[in-house]
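Biologist: I am new to this structure and would love a close look at one part of it, followed by how that part fits into the whole. Could you walk me through it?

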Amino acid sequence: MNAKIFEKDIENLDDIIGQNHLKFLFNKIIEIKNIGSFIFYGESGIGKTSVANLLARKMTFKFDTFNASIGQKEELISKLKENKVLIIDEIHRLNKDKQDILLTFLENQEIIIFATTTENPYFKINPAIRSRMQILQFLKPTKEDILSYFESLFKKENIEIDKNIVEKIIYYSNFDIRKIKLNFSLIMKISNDKNIDQDLIKKVIPNINFYSDKNSDAHYNNLSAFHKSLRGSDVDASLYYGYLIIKSGDFDGLYRRITAVAYEDIGLANSIISLKVEAAIQAAERLGMPEAKLPLSQIIVELALSPKSNSTYLAFNEVKKMVDDGYIFDIPNYLKDAHYKNAKNLNHGINYKYPHNFKNNFVNQQYLPNELKDKVFFHFGNNKNEEKIKSYWKKIKENLE
């Protein structure tokens, strides 16, 4: 079997795996040749650099590449001057000096830039550069996209590989096209034209290719999906994203999210859950991996299945908004500090009613400033625990002497 077929550059638009939402535009870039500069944004290994090289070749302009991670300023200036198209890999790694140089060329429209990045350009790329380039988001290819490509390739090369084997390699490579091709190349070299079976795959690829940079956009998406799955009470999705975060090693990120969910999304509906979260975190830290997965999996399930309420979260946000808008008024005198000798001369503390001197430790008394005395920030949520608390206070207030 010829392993070199996986080392070739893509030759036409049909060789691009997935990205069907962008192929019309790719075709127009080739046809018109000069319609501006672009930022190709997406996960590692899904074809951004390959597409940039294909477009540059098809446009028939003189082009070159520049690696923002290791390239020097002098090299960048030289390549910007000598080419019509420049491909910049990992553009988010350009330092300020190089960004300023690039910006000058973009402003003068002297060159076409195809830049690639795995980081969210709205966070990581200079706004001035970003505003002069179109952002194209590359999506992770589906299993069907990848299968279709390789089935066509194998048919063209007269290679017979069981579809189930191809699927296994796709999953083991985490849908990373670059890694899939490397794994296929390695397997074919080792197989020496013998049958490729699952036993061989497990020997050649003993571990699923999984990498997650804790500072990457993809990792923050996992954290976001985890939090939203817990909030949405989807226990299966919560466990799935939770394990992805554990596998990445970002335990602090996981602890932060489960603690936030306990207070933001569950709150008074199950107030004891915050104590359980703290206990689970302590147990996980004490056990270490792999046993840490035991308390973490349990607390994830409990959080997902717990009744939900954001009543305290909403109430505090309402208070924050009012205070931030300048609604800060004088405190009623009877609530002011009276623990010093001459406080009474200022009427501080006079006529304050001590709740514990009254039935049920409660007395009807105004606590908010006069200007806000009728303002209601907190509203009970619709759940069993808050209904119980609401009913308690309703009875107390209805039976005041």
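In which segment does glutamine 19 lie?

Modeller: Happy to help, and please keep in mind that this is a predicted model. Glutamine 19 lies in the segment before helix H1, which covers residues 23-32. Its backbone deserves a look: glutamine 19 has a positive phi of about 55°, although it is not a glycine. Most residues other than glycine have a negative phi. Glutamine 19 counts as buried because its relative accessibility is 5%, and the limit for that label is under 20%.

A useful companion is asparagine 361, which also is not a glycine and has a positive phi, about 60°. This residue is found in the loop between helix H16 (311-324) and helix H17 (384-398). With a relative accessibility of 45%, asparagine 361 counts as partly exposed.

One more backbone feature belongs with these two. Most peptide bonds are trans. Methionine 289 and proline 290, however, are joined by a cis peptide bond with an omega of about 5°. You will find proline 290 in the loop between helix H14 (273-287) and helix H15 (293-305).

Now let us step back to the surroundings. The protein's secondary structure comes to 17 helices and five strands. The radius of gyration is 31 Å, well over the 21 Å that the globule rule gives for 401 residues, so the protein is more spread out than a compact globule. Along its principal axes, the C-alpha trace spans about 90 × 55 × 35 Å. Of the 401 residues, 41% count as buried, glutamine 19 being one of the buried residues. The protein exposes about 23700 Å², and carbon and sulfur atoms supply 49% of that area.

Next, the strands. Five of them form an open sheet in the order S2-S3-S4-S1-S5, with parallel pairing. Strand S2 (63-67) and strand S5 (134-137) stand at the edges with a single partner strand each, so one side of each has no neighbour in the sheet. On average, neighbouring strands are turned by 20° against each other, direction ignored. Inside the sheet, four bridges join strand S3 (residues 85-89) to strand S4 (residues 112-117), and the two run parallel. To trace one of these pairings, start at valine 85, whose bridge partner in S4 is isoleucine 112. Helix H2 (residues 48-59) packs on the sheet, touching strand S1 (38-41) as well as S2, S3 and S4. The direction of H2 makes about 165° with that of S4.

Finally, the nonpolar interior. In soluble globular proteins, nonpolar side chains tend to be buried together. The largest nonpolar core here has 25 residues, and those with the most contacts inside it include Phe6, Phe150, Phe154 and Phe184. Helices H7 (143-156), H8 (163-172), H9 (177-191) and H10 (198-204) each supply at least two residues of this core, and H7 gives the most, with six. Phenylalanine 6 is a good place to zoom in: leaving aside residues up to four places away in sequence, it touches Phe150, Leu153, Phe154, Lys181, Phe184, Ser185 and Met188. A second, separate core has 24 residues, among them Leu254, Val261, Ala284 and Leu296.

Key: Residues numbered from 1 in each chain as written. Predicted model: local features only at pLDDT ≥ 70, side-chain atom pairs only at ≥ 80, totals over all residues. Heavy atoms only, no water. Pairing = 2+ DSSP bridges. Axes fitted to C-alpha atoms, helices over the stretch in contact; angles between N-to-C directions. Contact = heavy atoms within 4.5 Å. Rg over C-alpha atoms; globule rule 2.2 N^0.38 Å. Buried < 20%, exposed > 50% of the residue type's maximum accessible area, 1.4 Å probe, protein only. Areas by Shrake-Rupley, 256 points an atom, 1.4 Å probe, with all protein chains shown as cover. Core = buried A, V, L, I, M, F, W, Y, C linked by side-chain atoms within 4.5 Å.
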